Amino acid sequence: MQRIYRKVTVKAYRKYNLWADEINSIFLDWIRREYRDKPFFAWLHYMDLHAPYLPPPDYLPPDI
């Protein structure tokens, strides 16, 4: 049951959320294009900190 849950959860997570490094990359590219010398406020919401914890693919068991 846990294997099935992890497979479904990982796929759903990747479909609707980005990892922190992906968010940072997109955000930094956007800042460089749009707000080079302008003041701004930014709030980034990282979903990989929330439960259920989904480790990066390299840390998942081989059967997932």
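Hi everyone, this is a short walk through one protein chain, from its overall make-up to one helix and a group of aromatic rings.

Please keep in mind that what you see is a predicted model. Let's start with the whole chain. The protein chain has 64 residues, and 17% of them are buried. As for secondary structure, there are 2 helices and 0 strands. The accessible surface comes to about 5700 Å², and carbon and sulfur atoms account for 61% of that. Now, how much of the contact list comes from residues 24 or more positions apart? Counting contacts with a separation of 6 or more, the share is 64%.

Two pairs of positions give you a feel for that. Look at L18, which sits in the loop between α1 (2-16) and α2. L18 is partly exposed, with a relative accessible area of 37%. Its C-alpha lies 10.0 Å from that of H45, although the two are 27 residues apart in sequence. Then find P56, in the segment after α2. P56 is also partly exposed, at 36% relative accessible area. Between P56 and W19 there are 8.8 Å from C-alpha to C-alpha, with 37 residues separating them along the chain.

Next, let's zoom in on α2. This helix covers residues 20-34. It has 15 residues and reaches 21 Å from its first C-alpha to its last, close to the 21 Å expected at 1.5 Å a residue. Which residues of α2 are buried? They are I23, F27 and I31. If you look down the axis of α2, the buried residues fall within an arc of 65°, so they line one face of the helix. Here is the background to that: an α-helix has 3.6 residues a turn, so residues three or four places apart point the same way. Turn to the other side of α2, and you meet D21, I26 and R33, which are exposed.

Let's stay with F27, as it leads us to the aromatic rings. A search of the whole structure finds 4 aromatic pairs. As a reminder, a pair of aromatic rings is described by the distance of the centres and the angle of the planes. For F27 and F40, the ring centres are 6.4 Å apart and the planes stand at 65°. Why does this pair count as edge-to-face? The cut-off for that label is an angle over 60 degrees, so the 65° between these planes makes the pair edge-to-face. This pair links distant parts of the chain: F27 belongs to helix α2, while F40 is in the segment after α2, 13 residues apart. What about their surroundings? F27 has 16% relative accessibility and counts as buried, whereas F40, at 40%, counts as partly exposed.

Another pair is made by W30 and Y35. Their rings are tilted, with 4.9 Å from centre to centre and 50° between the planes. W30 counts as partly exposed at 33% relative accessibility, and Y35 is partly exposed as well, at 28%. Y35 has a charged neighbour too: K38 lies over the face of Y35, 5.6 Å from the ring centre.

Now put these rings together. F27, W30, Y35 and F40 form one aromatic cluster. So when you go back to the structure, try starting from F27: you will find it among the buried residues of α2, and from there you can follow the cluster on to W30, Y35 and F40. Thanks for listening!

Technical notes:
Residues are numbered from 1 along each chain as its sequence is written. This is a predicted model: local features need pLDDT of at least 70, side-chain atom pairs count only at pLDDT 80 or more; totals for chains, interfaces and linings use all residues. Side-chain values use heavy atoms; hydrogens and water are left out. Rings of Phe, Tyr and Trp (its six-membered ring) pair if their centres lie within 6.5 Å; planes under 30 degrees apart count as stacked, over 60 as edge-to-face and the rest as tilted. Helices (H or I, at least four residues) and strands (E, at least two) are DSSP runs, numbered from the N terminus. Buried means under 20% relative accessible area, exposed over 50%, partly exposed in between (1.4 Å probe, protein chains only). A charge sits over a ring if NZ of Lys or CZ of Arg is within 6 Å of the ring centre and within 35 degrees of the ring normal. The expected span of a helix is 1.5 Å times one less than its number of residues. The arc is that of the directions from the helix axis to the C-beta atoms. Contact means heavy atoms within 4.5 Å. Accessible areas come from the Shrake-Rupley method with a 1.4 Å probe; for residues, only the protein chains shown count as cover.
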